[in-house]
Amino acid sequence: MSNREAEGGGATRRVDPDAFRKSVSMFATGIVVLTCEDDDGKVHGMTVNSFTSVSLDPPTVLVSLKPGKAHRLISRNGRYGACILNEGQQSFSAHFSGRPQEALRPDFVVREQLPTLSNCLAWFECETVEKVQIHDHTLFVAQVTACGSEGGAPLMFYGSRYHRAAIAA
Ligand SMILES: Cc1cc2nc3c(=O)[nH]c(=O)nc-3n(C[C@H](O)[C@H](O)[C@H](O)COP(=O)(O)OP(=O)(O)OC[C@H]3O[C@@H](n4cnc5c(N)ncnc54)[C@H](O)[C@@H]3O)c2cc1C
């Protein structure tokens, strides 16, 4: 191993950060609001697009979180809700990423054991089974203990902007 690699550099040092950001933004995703309970039992929400399905059996997902309030609460509680937003919920994405929308009144409901948004494309209740630290983010790998879906079209994120899905024929 070279000194550069031993210092944690290696291949990543050769990639221009702007080029990486732009290239990875070409991967279209949906938007998820994670839900967790704070110290007073109040629901806290956080917008992510790193939500990924890992395996079907057992049903397993992951999210990649940087340090912050949701990270702290999920680390402590060991569980989280995940709510896939529909195309009419762009304001939810902004709100739960730290840009408060004054008129927004998010409504949460406990379907099985954890609070999730009452209106969304699909919801998941998740129990963390493994935490993996990768640089400044933590992967929260979780088993899905309950889930359900409702009709509608997704809110999409692509090229650092929101989009509505065009369904291919
Ligand atoms: C499209 C997109 C994708 C993103 N993906 C990721 C990702 O994959 N990983 C990652 O680490 N970061 C991601 N972020 C950034 C992340 O959403 C923000 O950094 C977020 O603010 C971090 O939340 P927090 O829990 O640390 O704390 P905060 O920023 O304190 O909380 C989030 C915001 O939600 C509000 N809020 C929370 N609960 C409620 C409630 N019950 N009622 C009313 N308001 C409430 C808070 O007031 C605050 O404004 C993404 C952002 C966007 C826009």
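# Ligand shell, core and strand pairing

Strand 3 (residues 43-48) contributes six residues to the shell around the ligand, the most of any element. The model is predicted. The protein chain holds four helices and 12 strands. With a radius of gyration of 17 Å, close to the 15 Å that the globule rule gives for 169 residues, the chain is as compact as a globular protein of that length.

**Overall build**

- Along the principal axes, the C-alpha atoms of the protein chain fill a box of roughly 55 × 40 × 35 Å.
- Buried residues make up 24% of the 169 in the protein chain.
- Among contacts with a separation of 6 or more, 61% link residues 24 or more positions apart.

**Ligand shell**

- The ligand is surrounded by 23 residues.
- Ser50, Gly68, Ala70, Ser97 and Gly98 are the closest.
- Strand 3, strand 5, helix 3 and helix 4 (90-95) each supply at least two residues of the shell.
- By type, the shell splits into 10 nonpolar, 11 polar and two charged residues.

**Nonpolar core**

- The largest nonpolar core counts 29 residues.
- Val32, Val33, Leu34, Tyr80, Ala82, Cys83 and Leu85 have the most contacts inside this core.
- At least two core residues come from each of strand 2 (32-37), strand 5, helix 3 (69-77), strand 6 (79-84), strand 9, strand 10 and strand 11 (155-158).
- Leaving aside residues up to four places away in sequence, Val32 touches Val48, Phe51, Ala82, Cys83 and Ile84.
- Strand 5 and helix 3 thus appear in two lists: each supplies at least two residues to the core, and each supplies at least two to the ligand shell.

**Pairing around strand 10**

- Strand 10 (residues 137-149) pairs with strand 5 (residues 60-65) in the antiparallel sense, over six bridges.
- Within that pairing, Val63 stands opposite Phe140 in strand 10.
- Strand 9 (residues 122-134) also runs antiparallel to strand 10, and 12 bridges join them.
- Here Ile134 stands opposite His137 in strand 10.
- Strand 9 and strand 10 form a hairpin with two residues between the strands.

**The three-strand sheet**

- One open sheet has three strands in the order 1-11-12, paired antiparallel.
- Strand 1 (29-30) and strand 12 (161-164) stand at the edges with a single partner strand each, so one side of each is left without a neighbour in the sheet.
- Four bridges connect strand 11 to strand 12 in the antiparallel sense.
- Phe157 stands opposite Tyr162 in strand 12.

**Backbone exceptions**

- Most residues other than glycine have a negative phi, and most peptide bonds are trans.
- The peptide bond from Asp57 to Pro58 is cis, with omega near 5 degrees.
- Pro58 sits in the loop between strand 4 (52-55) and strand 5.
- His135, in the loop between strand 9 and strand 10, has a positive phi near 55 degrees.
- His135 is exposed, with 8 other C-beta atoms within 10 Å.
- Ser160 is not a glycine either, but has a positive phi of about 65 degrees.
- Ser160 belongs to the loop between strand 11 and strand 12.
- Ser160 counts as exposed, because 10 other C-beta atoms lie within 10 Å and the cut-off for exposed is 12 or fewer.

How values were computed. Residues are numbered from 1 along each chain as its sequence is written. This is a predicted model: local features need pLDDT of at least 70, side-chain atom pairs count only at pLDDT 80 or more; totals for chains, interfaces and linings use all residues. Two strands pair if DSSP finds at least two bridges between them. A nonpolar core is a set of buried Ala, Val, Leu, Ile, Met, Phe, Trp, Tyr and Cys residues joined through C-beta atoms within 7 Å. A residue is buried if 20 or more other C-beta atoms lie within 10 Å of its own, exposed if 12 or fewer, and partly exposed in between; C-beta atoms are placed from the backbone. Two residues are in contact if their C-beta atoms, placed from the backbone, lie within 7 Å. The radius of gyration is taken over C-alpha atoms; the globule rule is 2.2 Å times the number of residues to the power 0.38. A residue is near a molecule or strand if its C-beta atom, placed from the backbone, lies within 6 Å of it. Ala, Val, Leu, Ile, Met, Phe, Trp, Tyr, Cys and Pro count as nonpolar, Asp, Glu, Lys and Arg as charged, and the others, Gly among them, as polar.
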